[in-house]
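Subject: Handover of a structure and findings

Dear colleague,

Please find the structure below, together with its sequence. I would be grateful if you would read the notes that follow with the structure open beside them.

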Amino acid sequence: MINKPTVDEMLNKLSEDGHTASRYELCVVASKRARQIIEQNSGKDVPASIKELSVAGEEIASGKVTSARD
């Protein structure tokens, strides 16, 4: 379970520009980013304490990762 950043913080970041993000959208964005991190780190010696989903959550909360809207 992710405690920090909170789900509300991540939803607020995804909800910028007049768009209201849903929890489903947050799950999709976070899981896609976590998969990208896993692919980038494949073959590298990464400590087991680093969780890809936590890194994705931190990136969403900081605004580094956004949701593409059609």
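Helices here are DSSP runs of at least four residues, numbered from the N terminus. In that numbering, Ser31 lies in helix H2. Please note that the model is predicted.

**Overall picture**

The protein has three helices and zero strands, and from the N terminus on its elements run α-α-α. Along the principal axes, the C-alpha trace spans about 40 × 25 × 20 Å. The protein comprises 70 residues, of which 26% count as buried. About 5,200 Å² is exposed, and carbon and sulfur atoms supply 50% of that area. Among contacts with a separation of 6 or more, 54% are accounted for by residues 24 or more positions apart.

As to confidence, the mean pLDDT of the protein is 87, and 94% of the residues reach 70 or more. Among the elements, H2 has the highest mean pLDDT, at 93, and H1 the lowest, at 91.

**Helix H1 and the loop after it**

In H1, the buried residues are Met10, Leu11 and Leu14. These residues cover an arc of only 100° around the axis, which puts them on the same side of H1. Their cover includes H2 and H3.

Ser15 is placed in the loop between H1 and H2. With a relative accessibility of 22%, Ser15 counts as partly exposed, because the buried class requires a value under 20%. The side chain of Ser15 reaches back to the backbone oxygen of Leu11, at 2.7 Å. Once neighbours within four places in sequence are left aside, Ser15 is in contact with Thr20 and Ala21. The C-alpha atom of Ser15 is also separated by 9.3 Å from that of Thr66, although the two residues are 51 apart along the chain.

Ala21, with neighbours within four places again left aside, is in contact with Leu11, Leu14 and Ser15.

**The nonpolar core**

Which residues form the largest nonpolar core? There are nine: Met10, Leu11, Leu14, Ala21, Leu26, Val29, Ala30, Ile60 and Val65. H1 and H2 each supply at least two residues of this core. The three buried residues of H1, namely Met10, Leu11 and Leu14, are among its members.

**Helix H3**

H3 comprises residues 52-62, and within this helix Ala56, Gly57, Glu59 and Ile60 are buried. Seen down the axis of H3, the buried residues fall within an arc of 165°, so they line one face of the helix. Helix H1 (7-14) and helix H2 (23-40) are included in what covers them.

Two residues of this face may be taken in turn. Gly57 can be related to Ser31 of H2: their C-alpha atoms are separated by 9.4 Å, and the residues are 26 apart along the chain. Ser31 itself is partly exposed, with a relative accessible area of 26%.

Is Glu59 buried or exposed? Glu59 counts as buried because its relative accessibility is 16%, which is under the 20% cut-off. Not counting residues up to four places away in sequence, Glu59 touches Arg33, Ile37, Lys64 and Val65. Of these, Val65 is also a member of the largest nonpolar core.

**The segment after H3**

H3 is followed by Gly63, whose phi is positive, near 90°. Further on in the segment after H3 is Ser67. Ser67 is buried, with a relative accessible area of 11%. A polar contact of 2.5 Å joins its side chain to that of Glu25. Not counting residues up to four places away in sequence, Ser67 touches Leu14, Glu25 and Val29. Two of these residues, Leu14 and Val29, belong to the largest nonpolar core.

**In brief**

The predicted model has three helices and zero strands. The buried residues of H1 lie on the same side of that helix, and those of H3 line one face. After H3, the buried residue Ser67 has a side-chain polar contact with Glu25.

With kind regards

Notes
Residues numbered from 1 in each chain as written. Predicted model: local features only at pLDDT ≥ 70, side-chain atom pairs only at ≥ 80, totals over all residues. Heavy atoms only, no water. Buried < 20%, exposed > 50% of the residue type's maximum accessible area, 1.4 Å probe, protein only. Arc of directions from axis to C-beta. Contact = heavy atoms within 4.5 Å. Core = buried A, V, L, I, M, F, W, Y, C linked by side-chain atoms within 4.5 Å. Polar contact = N/O pair within 3.5 Å; in protein donor to acceptor, adjacent residues only side chain to side chain. Areas by Shrake-Rupley, 256 points an atom, 1.4 Å probe, with all protein chains shown as cover. pLDDT = per-residue confidence, 0-100.
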